[in-house]
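Trainee: I should like to go through this structure with you, feature by feature. May we begin with the cysteines and then turn to the core?

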Amino acid sequence: MPNDKKPPDGRNPSDVRFGAALMRQRKKQGRTQKWLADQLGCSPEHIGNVENGRCPLNVARVDKADYFLQARSALARQYAELYQPETVDWLDEFHSLQKSAHFIREYHSTLVPAAFQNADYARAVIKASAPWFSSATVDERVELRESQGREVLKDDTPHYHVVLDDAVVLRSVAFPKVMADQFVRLAELMESGRIMLQVYSWERLPQLGLGGPFSLLSSGNAPDVLYAESLYLGQTTDDPGRVRQYGMLFSELQARARSPGATIDLLRKKAEEFR
């Protein structure tokens with residue numbers, strides 16, 4: 001999250017931190033400010049001002065800087081984390097991380113993950129979360145969620161391991177038929193081998209995962225990323241210590257949750273009850 005405490009000279013702290021990261025990566029690659037400016041289509045003076053934290057780098061140039069400086073998306077992730085509340089749609093950011101991941105570990109405490117949601121379930125969730133949305137906006141969001149889910153699941157990867165809290169299965173967030181159809185879809189995804197899913201019983205103590213939903217995304221060409229979700233935005237970090245901590249938490253959740261076989265039985269049973 002951005003630090004709101006401004007430096008003594010009035011520079012934006014997010015600009016200062018991103019500028020320092022850009023300078024470190026440029027020097028690591030042995031490149032000059034002029035060389036980077038030529039690649040990004042701006043002046044060396046502008047690169048100097050960005051690196052000194054006197055102005056932000058335009059968002060359209062961040063991916064280019066990542067590419068030319070061989071940062072493996074580290075600059076883009078830091079830019080998203082620093083400027084997220086002002087400029088980044090966190091759902092779009094998470095979808096981008098999903099597409100590039102080889103292995104995803106995900107925990108959800110209240111809802112079925114977006115990538116697995118049926119249209120009717122997604123519609124109920126979106127309408128309940130934002131009752132001020134017009135019908136047209138809801139339709140657009142549902143269509144987007146469906147298309148993103150299809151894109152993530154269309155191939156054999158990413159490998160997807162998920163733990164859900166009992167509340168996702170035991171609390172109805174839509175009409176019974178919608179819930180039944182959603183649980184059948186989850187069971188079919190598991191039986192096809194596309195995902196591995198376990199449900200954590202709320203009778204199981206300690207009741208882990210109270211901090212809320214999170215995802216750990218691994219790829220072959222970048223550091224592991226932690227994505228922690230809140231109501232209005234998500235926070236991304238590749239800090240090794242924090243990623244390791246949440247990796248331990250996910251391992252605990254998996255070890256204490258129902259087995260995949262017992263989870264399929266639970267989903268099928270609840271689907272029948274809702275019907």
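**Cysteines, cores and local geometry**

Mentor: By the distance rule, the count of disulfides in this chain is zero. The model is predicted, and it should be read as such.

Trainee: How far from Cys42 is the nearest cysteine sulfur, and to which residue does that sulfur belong?

Mentor: A disulfide requires two cysteine sulfur atoms within 2.5 Å. Cys42 is in no disulfide, because the nearest cysteine sulfur lies beyond that cut-off. The distance is 9.2 Å, and the sulfur is that of Cys55.

Trainee: Is Cys55 buried or exposed?

Mentor: Cys55, like its counterpart, is in no disulfide, and the nearest cysteine sulfur to it is that of Cys42. A residue counts as buried under 20% relative accessible area. Cys55 has 18% relative accessibility, so it is buried.

Trainee: Which helix gives the most residues to the largest nonpolar core?

Mentor: This core has 36 residues, and Phe116, Tyr160, Phe183, Ile195, Leu197 and Leu267 touch the most other members. Elements that each supply at least two residues include helix H8 (135-153), strand E2 (159-165), helix H10 (176-191), strand E3 (195-200) and helix H12 (260-274). With nine residues, the helix that gives the most is H10.

Trainee: Which residues does Phe116 touch, leaving aside those up to four places away in sequence?

Mentor: Phe116 is among the residues that touch the most other members of the largest core. Beyond its sequence neighbours, Phe116 touches Leu153, Tyr160, Val162, Gln182, Arg185, Leu186, Leu189 and Ile195.

Trainee: How many residues make up the second core?

Mentor: The second core is separate from the largest one, and Cys42, Val50, Leu69 and Tyr79 are among its members. Cys42 is buried at 18% relative accessibility. The number of residues in this second core is 19.

Trainee: How far apart are the end C-alpha atoms of H12, and how does this compare with the expected span?

Mentor: H12 has 15 residues, and the expected span takes 1.5 Å for each residue but one. That gives an expected span of 21 Å, with which the model agrees. The end C-alpha atoms are 21 Å apart.

Trainee: What arc do the buried residues of H12 cover around the axis?

Mentor: The buried residues of H12 are Thr263, Ile264, Leu266, Leu267, Lys270, Ala271 and Phe274. They lie on the same side of H12, because the arc they cover around the axis is only 160°.

Trainee: Which exposed residues does the opposite face of H12 carry?

Mentor: The buried side of H12 is covered by elements including H9, H10 and E3. The face turned away from that side carries the exposed residues Asp265, Lys269 and Glu272.

Trainee: What is the relative accessible area of Asp166?

Mentor: Asp166 lies in helix H9. Asp166 touches Val199, Tyr200, Ser201, Trp202, Arg258 and Leu266, not counting residues up to four places away in sequence. Asp166 is buried, with a relative accessible area of 2%.

Trainee: Which side chain is joined to that of Arg145 by a polar contact?

Mentor: Arg145 lies in helix H8 and is buried, with a relative accessible area of 19%. The polar contact of its side chain is 2.9 Å, and the partner is Gln117.

Trainee: Where is Pro206 placed, and what is the omega of the peptide bond from Leu205 to Pro206?

Mentor: Most peptide bonds are trans. A cis bond joins Thr157 and Pro158, with omega about 10°, and Pro158 is in the loop between H8 and E2. Pro206 is in the loop between E3 and strand E4 (214-219). The peptide bond from Leu205 to Pro206 is also cis, with omega near 5°.

Trainee: What is the phi of Ser73?

Mentor: Most residues other than glycine have a negative phi. In the loop between helix H4 (59-68) and helix H5 (74-87), Arg72 has a positive phi near 55° and is exposed at 57% relative accessible area. Ser73 is in the loop between H4 and H5 and is partly exposed at 38%. Ser73 has a positive phi of about 70°.

Trainee: How far apart in space are Lys28 and Gln70, C-alpha to C-alpha?

Mentor: Lys28 is found in helix H1 (residues 13-28) and counts as exposed at 65% relative accessibility. Lys28 and Gln70 are 42 residues apart in sequence. Their C-alpha distance in space is 9.9 Å.

Methods: Residues numbered from 1 in each chain as written. Predicted model: local features only at pLDDT ≥ 70, side-chain atom pairs only at ≥ 80, totals over all residues. Heavy atoms only, no water. Core = buried A, V, L, I, M, F, W, Y, C linked by side-chain atoms within 4.5 Å. Buried < 20%, exposed > 50% of the residue type's maximum accessible area, 1.4 Å probe, protein only. Helix = DSSP H or I, 4+ residues; strand = E, 2+ residues; numbered from the N terminus. Contact = heavy atoms within 4.5 Å. Arc of directions from axis to C-beta. Polar contact = N/O pair within 3.5 Å; in protein donor to acceptor, adjacent residues only side chain to side chain.
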